[in-house]
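Work through the exercises below with the sequence and the 3D structure at hand. Each task is followed by a solution in steps.

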Amino acid sequence: MLLAVDIGNSAIKFGLFEGEKLTSKFSIPTNRNASAGDLRLAAEGRVPVTVDSSIVCSVVPDVDPSFRQFISETTSVDPIFVDNSFDFGLKINYEPLESLGTDRLVNAFSAVENYGAPCIVCSLGTATTIDVVNDKHEFIGGVIAPGLEAMAEGLHLKAPRLPHVQIEKSGSVLANSTVEAIRSGIFHGYIAMVDGLIKRIQSESGVARVIASGGTAEIISDELGGLAVVDQNLVLDGLRILQART
């Protein structure tokens with residue numbers, strides 16, 4: 001049994017695989033100060049001792065030592081942490097290479113493995129990343145922008161008299177209360193940003209197909225006409241494929 005783990009800024013996502021089949025998945029909040037014991041409590045016994053291999057993609061280095069200890073003590077397996085030296089089967093045009101998040105590389109790798117190249121790969125979560133792999137399997141770059149929650153938090157921090165609003169789907173753009181006006185502005189503004197970025201990237205790169213993942217993709221996917229696929233297991237499945245090749 002393989003345990004694949006995606007340590008993100010807001011959540012740690014776990015996936016258990018039997019061969020190529022994802023048999024179960026769950027997530028816990030990311031706590032940068034968590035000890036191995038804290039992680040064990042948060043996981044609530046859902047990491048089985050029968051795991052025989054583990055592979056991890058992390059963008060939160062502060063968590064890595066405690067997470068390694070947690071997995072090693074729970075399963076007696078030393079997890080593999082993916083870094084930018086792995087062979088992703090892509091020519092990576094990015095400088096410096098070490099500044100490119102492994103989550104973006106695993107997303108791009110998984111999109112190509114599962115859906116083919118060329119493609120535009122969107123990760124819509126705490127941050128919004130949109131990257132391009134061309135028909136020569138070259139990672140040619142991308143963009144980074146705030147996610148929905150980051151936009152809401154940033155507005156409240158810079159304008160404290162405006163409340164921090166839980167972002168939900170908003171129907172009408174025009175609103176007649178402050179809370180609904182913020183919700184509408186961020187929701188519809190985010191859609192316009194993502195849609196506009198995708199269209200500009202398509203125009204500049206000549207790549208049309210768009211693969212999306214991330215929690216926000218579920219919220220806005222029906223508002224974006226250009227998405228070919230929404231795959232919420234993109235990173236986890238990419239980790240599975242990488243582990244099979246190591």
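Two strands pair if DSSP finds at least two bridges between them. The model used here is predicted.

**Exercise 1.** Find the bridge partner of Ile-92 in strand 9, and place the two strands in their sheet.

Solution.
- Step 1. Ile-92 is bridged to Phe-139 in strand 9.
- Step 2. Strand 6 and strand 9 run parallel and are joined by two bridges.
- Step 3. The sheet is open and mixed in its pairing, and its six strands follow the order 6-9-8-7-10-11.
- Step 4. Strand 6 and strand 11 (229-230) are at the edges with a single partner strand each, so one side of each has no neighbour in the sheet.
- Step 5. Helix 5 (residues 178-205) packs on this sheet and touches strand 7 (119-124), strand 8 (127-133), strand 9 and strand 10 (210-213). The direction of helix 5 makes about 15° with that of strand 8.

**Exercise 2.** Classify the ring pair of Phe-14 and Phe-67, and state where each residue lies.

Solution.
- Step 1. The structure holds six aromatic pairs.
- Step 2. In the pair of Phe-14 and Phe-67, the ring centres are 5.8 Å apart and the planes stand at 40°. Planes under 30 degrees apart would count as stacked and over 60 as edge-to-face, so the rest are tilted. The pair is therefore tilted.
- Step 3. Phe-14 belongs to strand 2 (residues 11-18) and Phe-67 to helix 2 (residues 64-75); the two are 53 residues apart, and the pair links distant parts of the chain.
- Step 4. Phe-14 has 1% relative accessibility and counts as buried. Phe-67 is also buried, at 0%.
- Step 5. Phe-14 and Phe-67 form one aromatic cluster with Phe-26 and Phe-70.

**Exercise 3.** Classify the ring pair of Tyr-94 and Phe-139, and decide whether each residue is buried or partly exposed.

Solution.
- Step 1. The ring centres of Tyr-94 and Phe-139 lie 6.2 Å apart with planes at 70°, so this pair is edge-to-face.
- Step 2. Tyr-94 sits in the loop between strand 6 (91-92) and helix 3 (102-115), while Phe-139 is in strand 9 (residues 138-146), 45 residues apart.
- Step 3. Buried means under 20% relative accessible area. Tyr-94, at 22%, counts as partly exposed, whereas Phe-139, at 0%, counts as buried.

**Exercise 4.** Describe the largest pocket by its volume and its lining.

Solution.
- Step 1. The volume of the largest pocket is about 960 Å³.
- Step 2. Its lining has 42 residues; Lys-13, Gly-125, Thr-126, Gly-214 and Gly-215 lie nearest the centre.
- Step 3. Helix 6 (residues 215-220) gives the most to this lining, with four residues.

How values were computed
Residues numbered from 1 in each chain as written. Predicted model: local features only at pLDDT ≥ 70, side-chain atom pairs only at ≥ 80, totals over all residues. Heavy atoms only, no water. Phe/Tyr/Trp six-rings, centres within 6.5 Å; stacked < 30°, edge-to-face > 60°. Buried < 20%, exposed > 50% of the residue type's maximum accessible area, 1.4 Å probe, protein only. Contact = heavy atoms within 4.5 Å. Axes fitted to C-alpha atoms, helices over the stretch in contact; angles between N-to-C directions. 1 Å grid on protein atoms, 1.4 Å probe; cavity = no way out; pocket = protein on both sides within 12 Å on 5 of 7 lines; lining within 4 Å. Points joined across faces, edges and corners; volume = space filled by probe spheres on them.
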